[in-house]
Amino acid sequence: MSLVTLAIPFFLLAVLVELALDRWRGWGLYRLNDALGSLSAGILSRILGLIRVGILMLIYIPLYQWLQPTYQQLGLAWSLDTPWHLVLAVIAYDFCYYWKHRISHEINIFWAEHLVHHQSEDYNLTTALRQSSDLVPLGWIFYLPLLLIGMPPEVLITAGAIDLIYQFWVHTQKFPKVRWMEWILVTPSNHRVHHAQNRVYVDRNYGGVLIVWDRLFGTYQEELEHEPCIYGVRKPLNTFDPLAANLQHFRRMWLDALYTNSWKEKLTLWFRATGYRPADAEADLPYPSCDLDHFQRYDPRLTPGLRYYALAQHLCYSAATLALLWYSKNLGYGTVALMVAMLVIGLVINGRILDGEARTRGWEQARLVLLVITLPLLPQVVWMPLLAYAGISMTIWRMLVFPQKGDTVSPVSQ
């Protein structure tokens, strides 16, 4: 069980505490649809990790073993039992993370993976859990230099988990500036800057734990009192479907490759600067940026019944995900893959329900029927709970009156 998986219940508890304070004090930091969209992207990231190979370890471990005699000759011996070794490991990992994070903002194909984390138009603790699913995993390249200092795989994994867990708490708007911290550590204030789409804030503050890297390499920007952060991305996602969120920029690059007449552009646009588009593709298929002077968050109007239904389904998916993460090693790969597939379908349809997508009227019923049909392929211990879940969900769903998608964006938080 990884440190990140063990931390998930504490993450969710912290979200509930911040949500309770938000409702009690009227801060307006949370919208149900955006929060569920972020949490769904986080779930998708974790469950897809169960059925794919971890490329970093697949490459890193054999290389480490091949170099191990050299490490022994040089006296490079790392130990998780030595605290200062772990501190050095986190610093070294965070240095690599800085460059990975920076390149992810500067090159198209890397941005396509990282974009998911920036799509939320709110900024709260659920934003921290909005993670990419690494559909085209490339980030592992940036951690190979850690072989040069002989970092063992288990130390690398632990340092990476600590780096990621640290980043959770900085995704909040209610922690004030603490001047001394702003010089050394990534804080809520300087990370708010990183998530803002204001021109003065774009592509700044890439550190994971240490903000020192940004100060050293010229990418630091302080949060300004006269420039409130506007969160999200300049070309908004406009859906709460987590799979669509992961495919957003890949889809745009693919369409650009189809529309452009230049073979050079077709092959190189993936590796050009973030946002680069061939001129002919941009002319034929424009993607206007949002107007920051009149910015409105994507917020489709839904009936209360649909909102509560989507929330209830999300809670079921969250519970199923935690159980799957906990027991996956006791299940066969085929069973895990089937359960992941059913969860992915549910998350996609639930996101479309939050969009007010009319076609989900039939999609959700078909999903519940499909779930019942696949029961014989799942462990018998889950048959009765899933059958009860499907029956209750179908009954409630048929009772709801689904509105047509006429109401699009509401300026009032739902």
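**Exercise 1. Cysteines**

Task: In this predicted model, find how many disulfides a search of the whole structure turns up, and work out why Cys 229 is not in one.

Solution.
- Step 1. Start with the count: the search of the whole structure finds zero disulfides.
- Step 2. Recall what we are looking for: a disulfide is a covalent bond between the sulfur atoms of two cysteines.
- Step 3. Set the cut-off: the two sulfur atoms must be within 2.5 Å.
- Step 4. Check Cys 229. Its closest cysteine sulfur belongs to Cys 290 and is 14 Å away, so the distance is too far for a bond.
- Step 5. Look from the other side: Cys 290 is in no disulfide either, and the nearest cysteine sulfur to it is that of Cys 229, 14 Å away.
- Step 6. Now place both side chains. Buried means under 20% relative accessible area. Cys 229 has 16% relative accessibility, so it counts as buried. Cys 290, at 14%, counts as buried too.

**Exercise 2. A look inside**

Task: Find how many cavities of 30 Å³ or more the structure has, and describe what lines the largest cavity.

Solution.
- Step 1. Searching the whole structure gives two cavities of 30 Å³ or more.
- Step 2. For the largest cavity, the volume is about 100 Å³.
- Step 3. List the lining of this largest cavity. Its residues include Arg 31, Asp 34 and Arg 130, together with Gln 119, Ser 120 and Glu 121. Leu 237, Asn 238, Thr 239, Phe 240 and Tyr 298 also line it.
- Step 4. Sort the lining by character: three residues are nonpolar, four are polar and four are charged. Among the charged ones are Arg 31 and Asp 34, while Leu 237, Phe 240 and Tyr 298 are the nonpolar ones.

**Exercise 3. Rings in company**

Task: Decide whether the pair formed by Tyr 98 and Trp 99 is stacked or edge-to-face, then do likewise for Tyr 166 and Trp 169.

Solution.
- Step 1. For the overview, the structure holds 15 aromatic pairs.
- Step 2. Take Tyr 98 and Trp 99. Their ring centres are 5.0 Å apart, with 90° between the planes.
- Step 3. Apply the cut-off: planes over 60 degrees apart count as edge-to-face, so Tyr 98 and Trp 99 form an edge-to-face pair.
- Step 4. Compare burial in this pair. Tyr 98 is buried, at 0% relative accessible area, whereas Trp 99 is partly exposed, at 28%.
- Step 5. Turn to Tyr 166 and Trp 169. Here the centres are 6.1 Å apart and the planes lie at 85°, so this pair is edge-to-face.
- Step 6. Check burial again: Tyr 166 is buried at 19% relative accessibility, and Trp 169 is partly exposed at 27%.
- Step 7. Widen the view. Tyr 98 and Trp 99 belong to one aromatic cluster with Phe 95, Tyr 206, Trp 213 and Phe 217.

**Exercise 4. Charges over rings**

Task: Find which ring has Arg 215 over its face, and which has Lys 266.

Solution.
- Step 1. Arg 215 lies over the face of Tyr 220, 3.9 Å from the ring centre.
- Step 2. Lys 266 lies over the face of Trp 263, at 5.5 Å from the ring centre.

**Exercise 5. Backbone in a loop**

Task: Say where Asp 203 and Asn 205 are placed, and what is notable about phi in Asp 203 and in Asn 205.

Solution.
- Step 1. Keep the background in mind: most residues other than glycine have a negative phi.
- Step 2. Locate the residues. Asp 203 is in the loop between α9 (188-195) and α10 (212-217), and Asn 205 is in the loop between α9 and α10.
- Step 3. Read the angles. Asp 203 has a positive phi, near 60°, and Asn 205 also has a positive phi near 60°.
- Step 4. Separate them by accessibility: Asp 203 is partly exposed at 28%, but Asn 205 is buried at 1%.

**Exercise 6. Sequence against space**

Task: For Lys 174 and Leu 29, set the separation in sequence beside that in space, and then do so for Ile 61 and Val 15.

Solution.
- Step 1. Lys 174 sits in the loop between α7 (153-168) and α8 (179-184) and is partly exposed, at 44% relative accessible area.
- Step 2. Lys 174 and Leu 29 are 145 residues apart in sequence, and 9.5 Å apart from C-alpha to C-alpha.
- Step 3. Ile 61 belongs to helix α3 (residues 55-74) and is partly exposed, at 31%.
- Step 4. Ile 61 and Val 15 are 46 residues apart in sequence, yet 36 Å apart in space, C-alpha to C-alpha.

Definitions and conventions: Residues are numbered from 1 along each chain as its sequence is written. This is a predicted model: local features need pLDDT of at least 70, side-chain atom pairs count only at pLDDT 80 or more; totals for chains, interfaces and linings use all residues. Side-chain values use heavy atoms; hydrogens and water are left out. Buried means under 20% relative accessible area, exposed over 50%, partly exposed in between (1.4 Å probe, protein chains only). On a 1 Å grid over the protein atoms alone, a cavity is a set of points where a 1.4 Å probe fits but cannot get out, and a pocket is an open set with protein on both sides within 12 Å along at least five of seven lines; lining residues have an atom within 4 Å of a point. Grid points are joined across faces, edges and corners, and a volume is the space filled by probe spheres set on the points. Rings of Phe, Tyr and Trp (its six-membered ring) pair if their centres lie within 6.5 Å; planes under 30 degrees apart count as stacked, over 60 as edge-to-face and the rest as tilted. A charge sits over a ring if NZ of Lys or CZ of Arg is within 6 Å of the ring centre and within 35 degrees of the ring normal. Helices (H or I, at least four residues) and strands (E, at least two) are DSSP runs, numbered from the N terminus.
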